[in-house]
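Biologist: Got the model open. Can we go through it, rings to begin with?

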Amino acid sequence: MFSAMRLHGVCRAMRFRHFRSRSVSSTSPNLTFVPACLPPHPMEVEELQRFVSNSKRLFVMTGAGISTESGIPDYRSEGVGLYARTDRQPIQHAEFVRSAAARQRYWARNFVGWPQFSSHQPNTAHLVLRDWEKLGKLHWLVTQNVDALHTKAGSQRLTELHGCTHRVFCLACGDQILRSELQEHFEALNPTWKAEAFGVAPDGDVFLTDEQVHNFQVPACRKCGGILKPDVTFFGDTVSREKVNFVHERLAESDSMLVAGSSMQVYSGYRFALAAREKQLPIAVLNIGPTRVDHFASLKLNSRCGELLPLIVACDPTS
């Protein structure tokens, strides 16, 4: 199973060994992009504790809401998400593939945003899920995020459903490089180019004007001269059938599902909640604000992931 795990796009151990070799300490949460909410009620803590205690092979799906406490903005959070702050939309897959100007704009903005985005660290919620895995409580973790924070935290039983921005590949030949390596290529091609962002967006994007990106140079694939693209599923693209099947297999091995920090508005993740319902698995949802799963979830909790999850005691289910 673990050879399959590596195949299906989880952050590869060899590519990210520098993340796992260093310890990650818990720091105070960055609440800039976290919607306001009340502290967890003792009853909510008790309900989630009961849910986790009854789970022997927990399937967890996380979304952008788990990473907002690390200072990364999301799209849909009320008042603080991208859609609430601006009228900007994320790049579409078809636009990136067909338009050189769109790729120039994307990569210029990503180049400016990368130093800050790549420096974000896991928060308490990421570390709790890592510990649940070590205890044998968490059977499989699926994240819709592309920020590598679960990998930085040390999670290994992990599938990155939408890929990871820390990898880049060629659309023509498939050659892969690290995003950090591409940053060096950008710097070499644009030694005098400078731009100051006037806002931050999800997934390492920042706000720049068309005039600012006009002279930015984008490298081609070092092997074949093809188009370089981050190893992520852009809006308008689909997750591979192979990866979807792999996640369905992990869900079939599980006895319960926890959704943490996701409104589940995107079907690529929502389909697994539907599958869990069909299998009659109990589903708990931990998210600030409504989700697409609320009407059939066994438990809905409106709290910060990093505030509620550390209060839960997860014992080894075999002990």
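Modeller: Sure. This is a predicted model, and the count of aromatic pairs in it comes to 13.

Biologist: Take F96 and F234. How far apart are the ring centres, and is the pair stacked, tilted or edge-to-face?

Modeller: The centres of F96 and F234 are 5.3 Å apart and the planes meet at 55°, so the pair is tilted. The cut-off for edge-to-face is over 60 degrees.

Biologist: Where do F96 and F234 sit in the chain?

Modeller: F96 is in helix α5, residues 93-98, and F234 is in the loop between β6 (228-232) and α11 (241-252). That is 138 residues apart, so the pair links distant parts of the chain.

Biologist: Are F96 and F234 buried or exposed?

Modeller: F96 is buried, and F234 is buried too.

Biologist: And F111 with F186, what geometry is that?

Modeller: Edge-to-face, because the planes of F111 and F186 are at 70°; their centres are 5.8 Å apart. This pair also links distant parts of the chain: F111 belongs to helix α6 (residues 100-119) and F186 to helix α9 (residues 179-189), 75 residues apart. Both F111 and F186 are buried.

Biologist: Which residues form the aromatic cluster?

Modeller: One cluster is made of F96, Y106, W107, F111, F186, W193, F216 and F234. Both pairs we just discussed have their rings in that cluster.

Biologist: What lies over the face of F234?

Modeller: K229, at 4.6 Å from the ring centre. There is another case with an arginine: R277 lies over the face of F296, at 4.4 Å from the ring centre.

Biologist: New topic. What does UniProt list as "active site"?

Modeller: H162, and that comes from an unreviewed UniProt entry. The annotation may be inferred rather than shown by experiment.

Biologist: Where is H162, and is it buried or exposed?

Modeller: H162 is in the loop between β3 (158-160) and β4 (163-170). Its relative accessibility is 11%, so H162 counts as buried, the limit being under 20%.

Biologist: What does H162 touch, leaving out residues up to four places away in sequence?

Modeller: T143, Q144, V146, D231, V232, T233, V239 and S268. With Q144 there is a polar contact as well: the H162 side chain reaches the backbone oxygen of Q144 at 3.0 Å.

Biologist: V146 is on that list. What polar side-chain atom lies 2.9 Å from its backbone oxygen?

Modeller: One from the side chain of T165. T165 is in strand β4 and, with 5% relative accessibility, counts as buried.

Biologist: Which residues is T165 in contact with, setting aside neighbours within four places?

Modeller: W114, F117, V146, R179, D203 and V232. V146 and V232 also appear among the contacts of H162.

Biologist: Now backbone oddities. Which residues other than glycine have a positive phi?

Modeller: M264 and Q280 are among them: phi of M264 is near 60°, and that of Q280 is about 60°.

Biologist: Where are M264 and Q280, and is each buried or exposed?

Modeller: M264 is in the loop between β7 (256-260) and α12 (267-278), and it is buried, with a relative accessible area of 0%. Q280 is in the loop between α12 and β8 (283-286); its relative accessible area is 71%, so Q280 is exposed.

Biologist: What about R292, which residues does it touch beyond four places in sequence?

Modeller: S263, M264, Q265, V266, Y267 and Y270. R292 itself is in the loop between β8 and β9 (299-301), and at 30% relative accessibility it counts as partly exposed.

Biologist: Which backbone oxygen does the side chain of R292 reach?

Modeller: That of Q265, at 3.0 Å. As for V266, R292 is 26 residues from it in sequence and 9.2 Å from it in space, C-alpha to C-alpha.

Biologist: Last one, the whole chain. How many helices and strands, and what share of residues is buried?

Modeller: There are 13 helices and 9 strands, and buried residues make up 54% of the 319 residues. Of the contacts between residues at least 6 apart in sequence, 74% join residues at least 24 apart. The chain exposes about 14,400 Å², with carbon and sulfur atoms supplying 51% of it.

Technical notes. Residues are numbered from 1 along each chain as its sequence is written. This is a predicted model: local features need pLDDT of at least 70, side-chain atom pairs count only at pLDDT 80 or more; totals for chains, interfaces and linings use all residues. Side-chain values use heavy atoms; hydrogens and water are left out. Helices (H or I, at least four residues) and strands (E, at least two) are DSSP runs, numbered from the N terminus. Buried means under 20% relative accessible area, exposed over 50%, partly exposed in between (1.4 Å probe, protein chains only). Contact means heavy atoms within 4.5 Å. Accessible areas come from the Shrake-Rupley method with a 1.4 Å probe; for residues, only the protein chains shown count as cover. A polar contact is a pair of N or O atoms within 3.5 Å; within protein, one must be able to donate a hydrogen and the other to accept it, and residues adjacent in sequence count only if both atoms are side-chain atoms. Rings of Phe, Tyr and Trp (its six-membered ring) pair if their centres lie within 6.5 Å; planes under 30 degrees apart count as stacked, over 60 as edge-to-face and the rest as tilted. A charge sits over a ring if NZ of Lys or CZ of Arg is within 6 Å of the ring centre and within 35 degrees of the ring normal.
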